[in-house]
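Student: Hello! I am new to this structure and would like a close look at a single part of it, with everything around that part explained as you go.
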Amino acid sequence: MTYSKLFFALGFAGVLTFTGFHIEGQGSTPVPVGFVTPAGAAIGRPLTPLSYAGVARRTTRRVVTRTTTAIAVLPAGCRYGPYYGGYYYRCGGYYYAKSGNVYVQVIVQ
């Protein structure tokens, strides 16, 4: 094979690859042949780079910190619910997470 044929073959393969050339079976072809497959990423799934859930999860991991302050009984009026990506007890301006038999204060920044 001469160099000109090799360069032509490589150039043609590059054009087919980067232009999204796609051949699909029309019933007579038993196996569809494709050079480019569509991306499976969808916005909203956790591992998609631009997903809101992924950003919220990564951000939540960075800002919620458990402290060494632990109490056995929560103060009156605490409400359990979703706060900043996790479920905590909110008591006034403080957040607590259950850890075994005690409640550990968490800092949400």
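How many disulfides does the count come to? And once that is settled, which residues does strand E5 cover, and how is it placed among its neighbours?

Tutor: Happy to help, and please keep in mind that this is a predicted model. The count comes to 1 disulfide. Cys 78 and Cys 91 form this link, with their sulfur atoms 1.8 Å apart. The link is right-handed, with 120° about the S-S bond. Cys 78 sits in the loop between E1 and E2, while Cys 91 belongs to strand E3 (residues 86-91), so the pair ties together parts that are 13 residues apart in sequence. Cys 91 has a relative accessible area of 9%, so this residue is buried.

Now for strand E5. It covers residues 102-108, and 5 of its 7 residues are buried, so the strand is largely enclosed by the rest of the structure. To see what surrounds it, start with the sheet. This is an open sheet of 5 strands, in the order E1-E5-E4-E3-E2, with antiparallel pairing. Its edge strands are E1 and E2 (79-83), each of which pairs on one side only. From one strand to the next, the twist averages 45°.

In that order, E5 has E1 on one side and E4 on the other. Take the E1 side to begin with. Strand E1 (residues 64-71) runs antiparallel to E5, and 5 bridges join the two. If you would like a place to look, find Arg 66, which stands opposite Val 106 of E5.

On the other side, strand E4 (residues 94-99) is also antiparallel to E5 and is joined to it by 5 bridges. Here Ala 97 has Val 104 of E5 as its bridge partner, and Lys 98 is partnered by Tyr 103. E4 and E5 form a hairpin with 2 residues between the strands, and in this hairpin Gly 100 takes a positive phi near 70°.

Next, follow the side chains. In soluble globular proteins, nonpolar side chains tend to be buried together. The largest nonpolar core in this model has 7 residues, namely Val 64, Tyr 83, Tyr 88, Tyr 95, Ala 97, Val 106 and Val 108. E4 and E5 are the elements that give two or more residues to this core. Another core, of 5 residues, lies apart from it, and its members include Leu 74, Tyr 89, Cys 91 and Tyr 96. Ala 97, back in the largest core, makes a good example of how E5 meets its surroundings. Leaving aside its neighbours within four places in sequence, Ala 97 is in contact with Arg 66, Tyr 88, Val 102, Tyr 103, Val 104 and Val 106.

Finally, look at the aromatic rings, where the count comes to 6 aromatic pairs. In one of them, the rings of Tyr 89 and Tyr 103 have centres 5.3 Å apart and planes at 85°, so the pair is edge-to-face. Tyr 89 lies in strand E3 and Tyr 103 in strand E5, so this pair ties together parts that are 14 residues apart in sequence. Both Tyr 89 and Tyr 103 are buried. Tyr 89 also pairs with Tyr 80, and that pair is tilted, at 4.6 Å centre to centre with 45° between the planes. Together with Tyr 87, the residues Tyr 80, Tyr 89 and Tyr 103 form one aromatic cluster.

Conventions. Residues are numbered from 1 along each chain as its sequence is written. This is a predicted model: local features need pLDDT of at least 70, side-chain atom pairs count only at pLDDT 80 or more; totals for chains, interfaces and linings use all residues. Side-chain values use heavy atoms; hydrogens and water are left out. Buried means under 20% relative accessible area, exposed over 50%, partly exposed in between (1.4 Å probe, protein chains only). Helices (H or I, at least four residues) and strands (E, at least two) are DSSP runs, numbered from the N terminus. Two strands pair if DSSP finds at least two bridges between them. A nonpolar core is a set of buried Ala, Val, Leu, Ile, Met, Phe, Trp, Tyr and Cys residues joined through side-chain atoms within 4.5 Å. Contact means heavy atoms within 4.5 Å. Axes are lines fitted to C-alpha atoms, for helices over the stretch in contact, and angles run from 0 to 180 degrees between N-to-C directions. A disulfide is a pair of cysteine sulfur atoms within 2.5 Å. Rings of Phe, Tyr and Trp (its six-membered ring) pair if their centres lie within 6.5 Å; planes under 30 degrees apart count as stacked, over 60 as edge-to-face and the rest as tilted.
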